[in-house]
Amino acid sequence: MVQHSWQLMTPCERLITVSAFPAGDQLTTLARIRTFELLRLAFFVLKLRKLQLSDAFLVQEQGHAELSQFPYYNLLRHAIFQQIVRLSDLGGRAQALRLVEAAHIDLPEGTGASLSA
């Protein structure tokens, strides 16, 4: 059996190193696919949360938000919605909604109601 460099890393190193994701590994089981999609959702949720926090800081400090970031809000919200739909198909809807709720991100009105049904 061939050992890859990511297999020789400690668990902490695997979490820190993005390139540690095994390149030759295919997502073959439903559990692996769902886990990967949850990871993608977490990335989009955290990026949106970071934008919202930076805009809140700008509003507090300068009295206005940086308008150049607003187009990314819609893009990230769309990506989050699509990830939740994908995870719903994979049986991970409850986990996806918990992740979104835990991040305290602002989604458009009605999005949460339409997803929780």
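Let's start at Arg40, which is partly exposed, with a relative accessible area of 35%. Keep in mind that this is a predicted model. Arg40 sits in helix 2 together with Glu37, three residues away, or about one turn of the helix. On spacing like that, there's a handy rule: an α-helix has 3.6 residues a turn, so residues three or four places apart point the same way. Here the side chains of Glu37 and Arg40 do meet, in a salt bridge of 3.8 Å, N to O.

Now look at the acidic partner. Is Glu37 buried or exposed? Its relative accessibility is 7%, and since the cut-off for buried is under 20%, Glu37 counts as buried. So what does a buried glutamate touch? Setting aside neighbours within four places in sequence, Glu37 is in contact with Gln83, Arg86, Leu87 and Leu90. With Gln83 there is a side-chain polar contact of 2.8 Å. With Arg86 there is a salt bridge, again side chain to side chain, at 3.8 Å, N to O. Arg86 belongs to helix 3 and Glu37 to helix 2, so this pair ties together parts of the chain that are 49 residues apart in sequence. Arg86 itself is partly exposed, at 35% relative accessible area.

Put those pieces together and you get one network: Glu37, Arg40 and Arg86 are joined by salt bridges that share partners. The count of salt bridges comes to two. As a reminder of the chemistry, side chains of opposite charge can pair when their charged atoms come close.

Let's step back to the whole chain. The protein has five helices and zero strands, so the pattern along the sequence reads α-α-α-α-α. Of its 117 residues, 28% are buried. Among contacts with a separation of 6 or more, 59% are between residues 24 or more positions apart.

What about the nonpolar side of the story? In soluble globular proteins, nonpolar side chains tend to be buried together. In this model the largest nonpolar core has 17 residues, and those with the most contacts inside it are Leu41, Val45, Leu48, Ile80, Ile84, Val100 and Ile105. The elements giving two or more residues to this core are helix 2 (30–62), helix 3 (70–89) and helix 4. Ile80 is a good place to stand if you want to look around. Which residues is Ile80 in contact with, leaving aside its neighbours within four places in sequence? They are Leu41, Phe44, Val45, Leu48, Val100 and Ile105.

Phe44 turns up elsewhere too. A search of the whole structure finds one aromatic pair, and Phe44 forms it with Phe43. The geometry is edge-to-face, with 5.7 Å centre to centre and 65° between the planes.

Helix 4 deserves a closer look. The buried residues of this helix are Ala96, Leu97, Val100 and Ala103. Viewed down the axis of helix 4, they fall within an arc of 130°, so they line one face of the helix. And which exposed residues sit on the face turned away from that buried side? Those are Arg98, Glu101 and Ala102. Val100, one of the buried set, is also among the residues with the most contacts inside the largest core.

Ala94 is also found in helix 4, which spans residues 93–103. At 46% relative accessibility, Ala94 counts as partly exposed. Ala94 and Ile84 are ten residues apart in sequence, and their C-alpha atoms lie 9.3 Å apart in space. At the other end, just after helix 4, His104 takes a positive phi of about 55°.

One last stop brings us back to helix 2, where Leu46 lies. Leu46 is exposed, with a relative accessible area of 57%. The C-alpha atoms of Leu46 and Ala103 are separated by 7.3 Å, although these residues are 57 apart along the chain. Ala103, for its part, is one of the buried residues of helix 4.

Note on methods:
Residues numbered from 1 in each chain as written. Predicted model: local features only at pLDDT ≥ 70, side-chain atom pairs only at ≥ 80, totals over all residues. Heavy atoms only, no water. Helix = DSSP H or I, 4+ residues; strand = E, 2+ residues; numbered from the N terminus. Buried < 20%, exposed > 50% of the residue type's maximum accessible area, 1.4 Å probe, protein only. Arc of directions from axis to C-beta. Core = buried A, V, L, I, M, F, W, Y, C linked by side-chain atoms within 4.5 Å. Contact = heavy atoms within 4.5 Å. Salt bridge = Lys/Arg side-chain N within 4 Å of Asp/Glu carboxyl O. Phe/Tyr/Trp six-rings, centres within 6.5 Å; stacked < 30°, edge-to-face > 60°. Polar contact = N/O pair within 3.5 Å; in protein donor to acceptor, adjacent residues only side chain to side chain.
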